Amino acid sequence: MLETPEDTLDPSDWNAFRLQGHRMLDDMIDYLEHLRDQPVWQPMPDEVRNSFRQALDDVPSDLAKTHELFLKDVLPYALGNVHPGFMGWVHGGGTPVGMLAEMLAGGLNANLGGRDQSPIEIERQVVQWVRRLFNFPETASGLFVTGTSMANLIGVLIARTARLGTDVRHTGMAANGQQLVAYTSAGAHISIVQAMDIAGFGSDALRMIPVDQLHQMDIAALERAIAEDKKAGLTPFFIAGTVGTVGVGAIDNLQAIAELCERENIWFHVDGAYGALAMLAPDIAPRLQGIERADSIAFDFHKWGQVPYDAGFILVRDGELHHNAFASPAAYLKRETRGMAAGSPWPCDFGPDLSRGFRALKTWFTLKVYGEEKLGRVISNTCALAQHLKRRIEAEPQLELLAPVALNIVCFRYRSEDADRVNADLVVALQESGIAAPSTTTINGQLAIRAAIVNHRTTVSDIDALIDATLELGGIAARSACS
């Protein structure tokens, strides 16, 4: 059957398409420009939710009409992490520059699994910049992934290969006879547990080390756990330190962990999901001393780096080992010295994905357009805002701070007799108010309001609005609990 113009997916009228495309871009720019005129978040009406449960229409829809549906039923009910009042979880706010870069990447539709192409050179340049940021050698490797959860898994798999050799990729761990165990903080992210599970070790092979009063991993307890495991005939192979714990934003003693890992010949991994990029902020970077000694670092550009989702990253000191942990030759992936199949090694040699989007472009644009200094000031400012929030809490008798404020996460609560119930209701009330959107966590058995200040758009007025709304809605929640 001969192809006809109707068989293509390109528009039949490019001028009309261009006009509609400009409308769509203008709508998103208007949305970002006027964020403060909108609620942070609002519940989705049942009729809107039900509209997403309908079967696909047999007849194709017009682009303009589909866009209208997006404006009416999608845009108003997003999570709202672009909004300056969003403080619920550690989500970056994105930028207009990143949005435009994502559009360019979508138009190019590049697959960065491999081959000789400029998009891979962009990714390699970002790898080079990241090496310098963390003072890693030129032989270090790096890879864009979906997020730190995937980066942590890759770190575990490389550490496994470092301990057992590349034969483990063929014979499996049981053939070696060693029982490997790993360690991380009790305050670490759940993705470390998941990585141990997915990698085949089982979550029971991960020792959750208690934390001290600063919510840092207890180094003495870590040393005892390692000694006990070695005495029991087990093989310690991996320690994950955390920069910016998910609950309170604590920074583990990286220098002490690095020294312990060097002494015990254990892989030193850093989960720096959002905190690692504090290296961009001169006033905070010294607190990350020791991160430059890590064997691998996992972090997200889409958090403190403000790159649109998703843009995770893994940096590995030993690039050759990283390559050997994942490279899988195949006839259809044959490398050449010339032509499109040149440019080896390819990104697919360093991770599980052969099909890979152009995440590097929005990161490259963000770093080029804003620069490291400005991004560092944004990071410093979020931490300064957290200190302002801490001071506001300490000045209000009705409020109570529940954890030290190490970086940009503040955990507190409204004082009342039934505090857990009241604060749980209070957080929902805050979210539904559209004024501010914190989340909850548990600190020392107490339910806490958790404010994570990550968005570059957040200002002092947004912090004050959170406190004012907390006091007003907290009183309502407390009275309701008593009635």
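# A guided tour of the model

Begin by selecting strand β7, residues 312-316: five of its five residues are buried, so the strand is largely enclosed by the rest of the structure. Please bear in mind throughout that this is a predicted model.

**Stop 1: the side chains of β7.** Display the side chains of the strand. Which residues point one way from β7, and which the other? Gly312, Ile314 and Val316 point one way, while Phe313 and Leu315 point the other way; all are buried. In general, the side chains of a regular strand alternate between the two faces of the sheet. The word "buried" here stands for a relative accessible area under 20%.

**Stop 2: the neighbours of β7.** Keep β7 in view and add strand β1, residues 141-145. The two strands run antiparallel and are joined by five bridges. Select Leu143 next: its bridge partner in β7 is Ile314. Now add strand β6, residues 296-300, which also runs antiparallel to β7 and is joined to it by five bridges. Which residue of β7 is the bridge partner of Ala298? The partner is Ile314. As a general point, strands of a sheet pair through backbone hydrogen bonds, in either a parallel or an antiparallel manner.

**Stop 3: an open sheet.** Move to the four strands that form an open sheet in the order β8-β9-β11-β10, with antiparallel pairing. Its edge strands are β8 (399-401) and β10 (439-443), each of which pairs on one side only. From one strand to the next, the twist averages 45°.

Within this sheet, select β9 (residues 409-414) and β11 (residues 446-452). How many bridges join these antiparallel strands? There are four. To find one facing pair, highlight Val410, which stands opposite Ala451 in β11.

**Stop 4: helices on the open sheet.** Select helix α12, residues 359-395. This helix lies across β8, β9 and β11, and it runs at about 130° to β8. Then select helix α14, residues 460-482, which packs on the sheet and touches β8, β9 and β11. The direction of α14 makes about 30° with that of β9.

**Stop 5: a patch on the surface.** Finally, turn to helix α1, residues 14-33, and select Trp14, which is found in this helix. Is Trp14 buried, partly exposed or exposed? Trp14 is partly exposed, because its relative accessible area is 48%, and the partly exposed class lies between 20% and 50%. Add Phe17 and Leu63 to the selection: together with Trp14, they make a nonpolar surface patch of about 300 Å².

How values were computed
Residues are numbered from 1 along each chain as its sequence is written. This is a predicted model: local features need pLDDT of at least 70, side-chain atom pairs count only at pLDDT 80 or more; totals for chains, interfaces and linings use all residues. Side-chain values use heavy atoms; hydrogens and water are left out. Patches are made of residues with over 30% relative accessible area and no salt bridge: like charges are joined within 9 Å, nonpolar side chains (Val, Leu, Ile, Met, Phe, Trp, Tyr) within 5 Å. Accessible areas come from the Shrake-Rupley method with a 1.4 Å probe; for residues, only the protein chains shown count as cover. A salt bridge is a side-chain nitrogen of Lys or Arg within 4 Å of a carboxyl oxygen of Asp or Glu. Buried means under 20% relative accessible area, exposed over 50%, partly exposed in between (1.4 Å probe, protein chains only). Two strands pair if DSSP finds at least two bridges between them. Axes are lines fitted to C-alpha atoms, for helices over the stretch in contact, and angles run from 0 to 180 degrees between N-to-C directions. Contact means heavy atoms within 4.5 Å.
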